Protein chains: 2
Amino acid sequence: MINITFPDNSVRQFENGISGLEIAKSLSNSLAREILAITVDKEIWDITRPINKDASIKLHKWGDEESKHAFWHSSAHLMAEAIESLYPGTKFGIGPAIENGFYYDIDPGDSVQITESDLPDIENKMKELASQKQVYTRKEVPTDEALKIFKEKGDEYKIELITDLGDAKLSLYSQGNFTDLCRGPHLPDTSPIKAIKLLNVAGAYWRGDEKRKMLTRIYGISFPKQSMLDEYLVLLEKARERDHRKVGRELELFTFSQRVGSGLPLWLPKGAQLRERLESFLKKVQQKHGYLPVITPHIGQKELYVTSGHYEKYGKDSFQPIKTPQEGEEFLLKPMNCPHHCEIYRSRQFSYKDLPVRYAEFGTVYRYEQSGELHGLTRVRGFTQDDAHIFCTPDQLKEEFTKVIDIILYIFKALDFQDFTAQISLRDPDDKEKYIGSDENWKKAEDAIIEATQEKGLVTVIEKGEAAFYGPKLDFMVRDAIGRKWQLGTIQVDYNLPERFDLEYVGADNEKHRPVMIHRAPFGSMERFVAVLIEHTGGKFPLWLSPEQAVILPISEKYHDYAEKVLNYLNNSDIRTLIDGRSEKIGRKIRDNELKKIPYLLIVGEKEAEAGNVSVRKQGEGDIGTMKFEEFVEFIKTEVEKQL
Amino acid sequence: MINITFPDNSVRQFENGISGLEIAKSLSNSLAREILAITVDKEIWDITRPINKDASIKLHKWGDEESKHAFWHSSAHLMAEAIESLYPGTKFGIGPAIENGFYYDIDPGDSVQITESDLPDIENKMKELASQKQVYTRKEVPTDEALKIFKEKGDEYKIELITDLGDAKLSLYSQGNFTDLCRGPHLPDTSPIKAIKLLNVAGAYWRGDEKRKMLTRIYGISFPKQSMLDEYLVLLEKARERDHRKVGRELELFTFSQRVGSGLPLWLPKGAQLRERLESFLKKVQQKHGYLPVITPHIGQKELYVTSGHYEKYGKDSFQPIKTPQEGEEFLLKPMNCPHHCEIYRSRQFSYKDLPVRYAEFGTVYRYEQSGELHGLTRVRGFTQDDAHIFCTPDQLKEEFTKVIDIILYIFKALDFQDFTAQISLRDPDDKEKYIGSDENWKKAEDAIIEATQEKGLVTVIEKGEAAFYGPKLDFMVRDAIGRKWQLGTIQVDYNLPERFDLEYVGADNEKHRPVMIHRAPFGSMERFVAVLIEHTGGKFPLWLSPEQAVILPISEKYHDYAEKVLNYLNNSDIRTLIDGRSEKIGRKIRDNELKKIPYLLIVGEKEAEAGNVSVRKQGEGDIGTMKFEEFVEFIKTEVEKQL
């Protein structure tokens, strides 16, 4: 008999060799029908795999990531089986589950090319095989045997993978006529895979190495129900429409240049203005909260990052040192602003009465990413953090946390992020040696975070063991308008850098003490934040932030003079306004400008010109009435105030 | 007989072998007493050197740079003679004239150390030798003979210099017992050197190479009259008091850190705020003038600078390329923003109707300088240009120039630079092949600059042959409050980059045309400009820019509540205000705050608190009366408006 511990800490005894599926059946048949994966002592297993030891388990239904992973991984194998049957002799690279769906990198041979027009056939084949309820069987084999199998098959990619794994214990999974080298876990059989969509075909270098062969990568997604797939495809279409790369191009916010380099955005005028508005907005809030601006260079001597520890940790994998033509100096592009801010703190003496000190900088940092990993503004090689470092006493932590939370909540309100949770990452209480800083300070910091979030009434998730080695932190997870999750806003306690930079303040006891440091970035980075904001709003920014706030549409050329008069008045009143002076019909002008997502359309014709009025249309909503143009200024200002 | 052409183009005949001094004597005895150097066909000569050919000449009195150069160079030789007499066996490196005065790098031997306390003795020796009216004699010698002389003397530094010069025709200058390898020119004799001051002693590596011996550098200055020296020393003292490095430290504007690196300023909060105010000020003006902000990264692929030509020109001598850990990429820290702005221009199509396009960016650039050349904020390795690039048609050049001049004049007014000249650099009309761009375009651009400066009524100096190879330019030279000259503000036409980046616009003729580019930076760089502003104002910034505008001084603790009330009112009205809440006597508080250069001191005691008043003192000027604190807000706003 073995002891099985459930998530509620209850323990039950089962026969040795019982499987997750059997345990589920012992609880309820409906549960057994729904479970797709099982966690056994922190490993994810097939639900049919026998358990031969005492263990803690958790059963996973579709909603859990673990289940989706097994489901999509099994779907990747199913796709491979379909491809092998349609394109005999195809060789297989790797085929993992990903965040949404799965892919497989394949080599169908030099004479065969698989394109998107071939995907429906593969899809149909997959559906046919799935309906056969093929069982996924796991077999553990020694390296020799695995090698023999794939040598017989002539699959050089798998042979290379096995060879690289060395003498590890390998597992193979088979279903139908297809066998793969695989850690698992998988579904018991193919029958739950009811709805399948293969999405696209791309090229991918074998093992990400541009010097090796370009394989064919096929992406797909699958679900246990057709309705789920339908829903997902609608979401995918919505996401495509608001993809920040597409909207960014349409609204002329940013661009990239191969000559400047991948992952290095060039902000076009409208994007730069948008970003400056966001920065001013945050600067104003920060000024109210006692932040002090500083400006530091984008490089620092290697020694700076040796002191901070960043060099040891990231040096090899990031942008390489910049040498000088003489003098043997070495500089690094700064990956973080904190070492520079520590040096500013060190430039004078502080007493406890001077603390907290809050240094803020919109600091541009550079971090190397492989060019294949880059993605629009969300994954770049250079980005500007809305960074600040607060140096305070341990007793000031809670108040400082509360103030940072206030700033973040104010931002979320102004930008209409209504759905968010706060994730508190604490240290693992069973593994205290992993962390630096005294027990007393950790307790102070963790209590400060928990109390601050409670007082602010935040919805929180506490994750034990997720703290960095140098301090606990608080992250904000935001759900956007179409339900996707983004991480925005971090507040991180740090006991490490004050130690490494030997930072001090003189306490009330006249002794020297170590300050605590808080890193915080409510936006995270300007690049990523603008991307998320575009994806959240689809480019229809809140009125206060919108590149243009109103466009004047004269009904005919006769009213251009009046339109100019209104334009000047509005622009002088700081309402960002344009004229559409084209000689198009008014209906056409309205349609075109609706598409540009300008919040207000002001129609002016004879009646309006005579009365000093504008006829106001709200973008996407239609006519909202006529008013004096001076009144329109007040109207806009009131709307903006409501948002901020 | 030879023909001598004078600066007014008049020509006179003289005996072959006549000297500048003799020519001067033929004109007037008083002129002959005053001249110190002569330009003969663009070379500067001793006034006693015989002229053996037809030549254009210019005679130089003390006011000319050429004369000062000869005077100070002769003084350096005089100092060397004095040192050789006081410290026999001293070896000599180089001893040039510099902008103000001269220095000599010497090696007095390992057992001798010359310190500042030794300078008066050397000075006295120099005066004694000068009064002997020693004649400077020039002798041209072959390399062999020069080598023999310095080998006999055992002066290894001169030997190295001669050896490096190879087979050149060398000249030696001697006066008294001292002989030096020297191109000249020099004074006829030592008698005009009437006033001498040796200023300081520093270490300097032989030939600037840190691997070679550290020599002793002695700086000095000399004048033909004692009153000139006295005046200079007063100026020097004034300059020391307003040295931006000293004032920057006192006002906590910026700092440096060895760990971050030399020449990389860290802007402290008050400095960052000052800089941000300057930037907002310029942004506002630029917005009015139709500039569009853009933001670009601080690095670019090497290819970008190969395209622009910067790599070929500066690559070897600047910060070396940044490699990536994979993918074999090479990036460079950007030395200029223009290539990035050209790439932004290339990202869309332009019609002539869209031009001019004006891209503005406060762009931080990095340029390598030897660490020994760095100086506060005026000579740094990273700086932020108030950069903009205007892309226009050749016909729009004049209007664009006029608008940029407007911006520069507005800045000079707001920052109280009243004394400036505009230097127009044109191409050399006799050497047109040196320049790129058509004759027609050069004429358009040069005329545009000249007309624009005339219409604005600027005091201009035209320098032919001083244009860059890619276009003519306009520079503003400013005289600061103590009479020193600084170069501020440049407008540069560029025909080269549009060519190299293949920039285009579609003209009214529906054909493709090349736009012209204007580079312009009214401040130059934020670092240098703030330095000049500090040296100009001594840290007493104009009211609108001042880090703090007013400080409230309560007469005693009883009035702290009232002081707080005034503080809140003023800060909410955007008057940057502090309280001096120390329990010091009011007289002491006034004195201390006068030193901090805060423009207004507001004294509050019983009378003021009862009446809702403040007693206002203007920094450096004293009491200017009592007013309601609400009135003080209006008073300040009016003062600021006058400045802007």
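In chain B of this predicted model, helix α13 (residues 397-414) and helix α14 (residues 439-455) pack at an angle of about 40 degrees, with their axes 8 Å apart; the axes are lines fitted to C-alpha atoms, for helices over the stretch in contact, and the angles run from 0 to 180 degrees between N-to-C directions. Helices (H or I, at least four residues) and strands (E, at least two) are DSSP runs, numbered from the N terminus. This angle makes α13(B) oblique to α14(B), given that angles under 35 degrees count as roughly parallel, over 145 as roughly antiparallel, 65 to 115 as roughly perpendicular and the rest as oblique. The crossing of α13(B) and α14(B) is right-handed, the near helix being turned clockwise from the far one by less than a right angle, whereas an anticlockwise turn would be left-handed. From α13(B), the residues B:L397, B:K398, B:F401, B:T402 and B:I405 meet B:A445, B:A448, B:I449, B:E451, B:A452, B:T453 and B:E455 of α14(B), where contact means heavy atoms within 4.5 Å. The contact of α13(B) with α14(B) comprises 7 nonpolar, 2 polar and 3 charged residues, with Ala, Val, Leu, Ile, Met, Phe, Trp, Tyr, Cys and Pro counted as nonpolar, Asp, Glu, Lys and Arg as charged, and the others, Gly among them, as polar.

In chain A, helix α13 (residues 397-414) and helix α14 (residues 439-455) likewise pack at an angle of about 40 degrees, and their axes are 8 Å apart. The crossing of α13(A) and α14(A) is right-handed, and among the residues making the contact are A:F401 and A:I405 of α13(A) and A:A448 and A:I449 of α14(A).

Two copies of a chain are related by a rotation about an axis and a shift along it. Here, a turn of 180 degrees and a shift of 0.0 Å along the axis lay chain B on chain A with an RMSD of 0.2 Å, the superposition being by least squares on the C-alpha atoms of residues with pLDDT of at least 70 in both copies. The two copies are thus related as by a two-fold rotation axis, and the residue of chain B that comes closest to this axis is B:I322, at 2.7 Å (C-alpha).

The contact between the chains takes 60 residues from chain B and 60 residues from chain A. Because 100% of the interface residues of chain B are also interface residues in chain A, the copies meet through the same surface. Together the chains bury about 5100 Å², 60% of it on carbon and sulfur atoms, buried area being the accessible area (1.4 Å probe) that two parts lose on being put together, summed over both. In chain B, the residues that lose the most area to chain A are B:R259, B:I295 and B:E327, together 16% of what that side buries.

As to the backbone, a cis peptide bond with omega of about 0 degrees joins B:G184 and B:P185, and B:P185 lies in the loop between β13 (178-181) and β14 (195-205) of chain B. A cis peptide bond also joins A:G184 and A:P185. A:N9, in the loop between β1 (2-5) and β2 (11-14) of chain A, has a positive phi of about 70 degrees although it is not a glycine.

Residues are numbered from 1 along each chain as its sequence is written, and chains are lettered from A and ligands numbered from 1 in the order in which they are written. Local features need pLDDT of at least 70, side-chain atom pairs count only at pLDDT 80 or more, and totals for chains, interfaces and linings use all residues, while side-chain values use heavy atoms, with hydrogens and water left out.
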